[in-house]
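Here is a short report on one protein model and its ligand. Charge pairs come first, followed by the ligand site, the cysteines and a surface patch.

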Amino acid sequence: MTYPIYLIGYMGAGKTTVGRLLAERLGWHFVDLDDAFHEIHGLSPADYIRTYGIEAFRRKEKYVLEDLAELPIEKVVYATGGGYPCWEDNMACLKELGTSFYLRWQPHHLAERLALTDLNERPLLHGKNATEILSVIMPQLEARAPFYEQADYILDAPVGDDGTIDGSEDEQLAEMLYDYIING
Ligand code: S3P
């Protein structure tokens with residue numbers, strides 16, 4: 001397996017939480033690319049998109065990831081932005097730079113998780129309940145899935161036998177990833 005590790009997936013997939021837990025366990029660095037974008041450009045991705053539009057954001061986001069990849073540190077877990085892999089040749093870049101893992105969830109579970117978060121940083125979903133969020137994300141997730149599914153590994157989020165989620169999934173995903181990385 002080549003390093004660094006890139007976690008990809010839709011908003012709410014747990015890329016940041018899982019990535020942080022995983023890096024802690026591995027004793028590696030963790031970088032959230034949305035935070036790195038904010039530090040470099042002085043605006044959060046949401047504010048940048050509101051101010052300059054999505055196209056300008058995607059261009060800058062691409063260079064943030066590629067510039068960081070030039071650093072001579074390999075043992076890094078990166079949480080990518082949810083739309084990053086679906087832009088131009090970004091997925092091919094990721095695969096060349098390191099190992100990518102797609103954190104895959106059923107859309108209704110993503111909607112349930114997103115409804116519990118602060119949606120100010122997610123302008124498309126702001127003010128919506130889980131049902132409304134689901135109707136926004138379903139078509140987008142369908143369009144993005146072919147990109148996400150090019151990841152080197154796909155991890156399906158663990159759900160209970162009754163198909164429900166209980167908040168322990170991020171921990172479990174971090175554990176599954178740790179096993180993959182340590183034991184191959
Ligand atoms: C986006 C996801 C966000 C952020 C930006 C665009 C998207 O990242 O990069 O608001 O298009 O899905 P998270 O997936 O970390 O929320």
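## Salt bridges

The whole structure contains 12 salt bridges, each being a side-chain nitrogen of Lys or Arg within 4 Å of a carboxyl oxygen of Asp or Glu. The model is predicted: local features need pLDDT of at least 70, side-chain atom pairs count only at pLDDT 80 or more, and totals for chains, interfaces and linings use all residues. Residues are numbered from 1 along each chain as its sequence is written, and side-chain values use heavy atoms, with hydrogens and water left out.

Three of the pairs are listed here.

| Acid | Base | Closest N and O atoms |
|---|---|---|
| Glu 61 | Arg 58 | 2.9 Å |
| Asp 152 | Lys 95 | 3.1 Å |
| Glu 149 | Arg 104 | 3.4 Å |

Take Glu 61 and Arg 58. Both sit in helix 4 (residues 54-69), 3 residues apart, so about one helical turn separates them. Helices (H or I, at least four residues) and strands (E, at least two) are DSSP runs, numbered from the N terminus. Glu 61 is buried, at 8% relative accessible area. Arg 58 is buried as well, at 10%. Buried means under 20% relative accessible area, exposed over 50%, and partly exposed in between (1.4 Å probe, protein chains only).

Asp 152 pairs with Lys 95. This bridge links distant parts of the chain, 57 residues apart. Asp 152 is in the loop between helix 7 (130-148) and strand 5 (153-156), while Lys 95 is in helix 5 (residues 90-97). Asp 152 is partly exposed, with a relative accessible area of 33%. Lys 95 is partly exposed too, at 35%.

Glu 149 pairs with Arg 104. Here too the bridge joins distant parts of the chain: Glu 149 is in the loop between helix 7 and strand 5, Arg 104 is in strand 4 (residues 99-104), and their positions lie 45 residues apart in numbering. Glu 149 is partly exposed, at 40% relative accessible area. Arg 104, at 26%, is also partly exposed.

Salt bridges also connect Arg 25, Glu 171 and Glu 175 in a network.

## Ligand site

Which residues are closest to the ligand? They are Lys 15, Asp 34, Arg 58, Gly 82 and Arg 144, among 13 residues that surround the ligand. A residue counts as near if one of its heavy atoms lies within 4 Å.

Arg 58 appears again here: a side-chain N or O atom of Arg 58 is 2.7 Å from a ligand oxygen. A polar side-chain atom of Lys 15 is 2.8 Å from an oxygen atom of the ligand. Gly 83 uses a polar backbone atom, 3.4 Å from a ligand oxygen. On its own the ligand has 390 Å² of accessible area, and the protein covers 89% of that. Accessible areas come from the Shrake-Rupley method with a 1.4 Å probe; for residues, only the protein chains shown count as cover.

## Cysteines

How many disulfides does the structure hold? It holds 0, a disulfide being a pair of cysteine sulfur atoms within 2.5 Å. The sulfur of Cys 86 is 13 Å from the closest cysteine sulfur, that of Cys 93, so the two are too far apart for a bond. Cys 93 is buried, at 17% relative accessible area.

## Surface patch

Met 1, Tyr 153 and Tyr 180 make a nonpolar surface patch with about 260 Å² of accessible area together. Patch residues have over 30% relative accessible area and no salt bridge; like charges are joined within 9 Å, nonpolar side chains (Val, Leu, Ile, Met, Phe, Trp, Tyr) within 5 Å. Tyr 180 lies in helix 8 (residues 169-183). Tyr 180 is partly exposed, at 31%.

Key
A polar contact is a pair of N or O atoms within 3.5 Å; within protein, one must be able to donate a hydrogen and the other to accept it, and residues adjacent in sequence count only if both atoms are side-chain atoms.
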